[in-house]
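Work through the exercises below with the sequence and the 3D structure side by side. Try each task before you read its solution.

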Amino acid sequence: MREVKLARNDFTCELNSARYDYAMTPVTPGSDDAEAETAAPAWLNAEEKEAWTGLVSLILLLPGRLEAPLQAEAGLTLFEYLVLSHLSEVPEHRIRMSELAFLANGSLSRLSNVVKRFEQRGWVTRAPDPDDGRYTVASLTGTGYAVVVAAAPTHVRAVREGFLDQVSAADGRALARIAAKLRVRPADLA
């Protein structure tokens, strides 16, 4: 057993000597998998670890900072706001549910539950796609549009205070380049 002490927050992690494959099952010595596992992983150096920790922090902490003001002022989660926002930005405020789920970064079942609540509030309607009945189209109503327009200043303020005002224009361009390189933006995946 090997003990690894990390500098941040006096966190200690113990790793045992058993080797595991990606499914977290023990690798049997003498198997093809064991031979592939014999090469030591390329551990992160200090600079790589700092970059990785920064990315993970953005992924995990920034959404909460964006959601808190939306919850407090508009009664919306970040996911709900993104659903309404994407609907407000597409032509005729209509889009297939599968495409909307992708844009809002949620599963189709999660989106379906949110849209069901939105339908009950009169913010969104659903109907079969007239071009292909196998799909369902979500449409933003006038009431739903008013909700997203009212919530947008809160969201933009949170984006500015929690992100844009904290980084330089060059930092913002660098993040956009990194996102494009990693193909994590919806436009990159289309």
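**Exercise 1. Place H93 and N105 in the chain, and describe their backbone and their exposure.**

Begin with position: H93 is found in the loop between α3 and β3 (94-96), while N105 belongs to the loop between α4 and α5. Helices (H or I, at least four residues) and strands (E, at least two) are here DSSP runs, numbered from the N terminus. The model is a predicted one, in which local features need pLDDT of at least 70 and side-chain atom pairs count only at pLDDT 80 or more, whereas totals for chains, interfaces and linings use all residues. Residues are numbered from 1 along each chain as its sequence is written, and side-chain values use heavy atoms, with hydrogens and water left out.

Next, look at the backbone: H93 has a positive phi of about 55 degrees although it is not a glycine, and N105, also not a glycine, has a positive phi of about 60 degrees.

Last comes exposure, for which buried means under 20% relative accessible area, exposed over 50% and partly exposed in between (1.4 Å probe, protein chains only). H93 counts as partly exposed because its relative accessibility is 27%, and N105 counts as exposed because its value is 70%.

**Exercise 2. Describe the order of helices and strands along the chain, and say what share of its residues is buried.**

Counting elements gives eight helices and five strands, and reading along the sequence gives the pattern β-β-α-α-α-β-α-α-β-β-α-α-α. Of the 190 residues of the chain, 23% count as buried. For the contacts, which require heavy atoms within 4.5 Å, take those between residues at least 6 apart in sequence: 43% of them join residues at least 24 apart.

**Exercise 3. Which residues of the largest nonpolar core touch the most other members?**

First fix the term: a nonpolar core is a set of buried Ala, Val, Leu, Ile, Met, Phe, Trp, Tyr and Cys residues joined through side-chain atoms within 4.5 Å. The largest such core holds 28 residues, of which V83, L84, L87, L111 and V124 touch the most other members. Two or more residues each are given to this core by α2 (46-74), α3 (78-89), α4 (97-104), α5 (108-121), β5 (136-140) and α6 (142-162). The largest share, six residues, comes from α3. In soluble globular proteins, nonpolar side chains tend to be buried together.

Then follow one member: leaving out residues up to four places away in sequence, L87 touches H93, I95, L100, V124, A138, S139 and L140.

**Exercise 4. Describe the bends and the buried residues of α2 and α6.**

The bend at a residue is the angle between axes fitted to the seven residues ending there and the seven starting there. By this definition α2 bends by about 30 degrees at L61, with a proline, P63, following within four residues, and α6 bends by about 35 degrees at A152, with the proline P153 following within four residues.

Now turn to the buried residues, which in α2 are T53, L62, L66 and L70, and in α6 are G144, V147, V148, A151, T154, H155 and A158. The cover over those of α2 includes α3 and α6, and the cover over those of α6 includes α2, α3 and β5.

Finish with A151 in helix α6, which is buried because its relative accessible area is 1%. Not counting residues up to four places away in sequence, A151 touches L70, A74, L76 and Y81. A151 and L84 are 67 residues apart in sequence but 9.8 Å apart in space, C-alpha to C-alpha.

**Exercise 5. Which residues form the aromatic pair, and how are their rings arranged?**

Rings of Phe, Tyr and Trp (its six-membered ring) pair if their centres lie within 6.5 Å; planes under 30 degrees apart count as stacked, over 60 as edge-to-face and the rest as tilted. By this rule there is one aromatic pair. F118 and W123 form this pair, with 5.2 Å from centre to centre and 45 degrees between the planes, so that it is tilted.

Check the exposure of each partner: F118 counts as buried because its relative accessibility is 0%, and W123 is buried because its relative accessible area is 13%.
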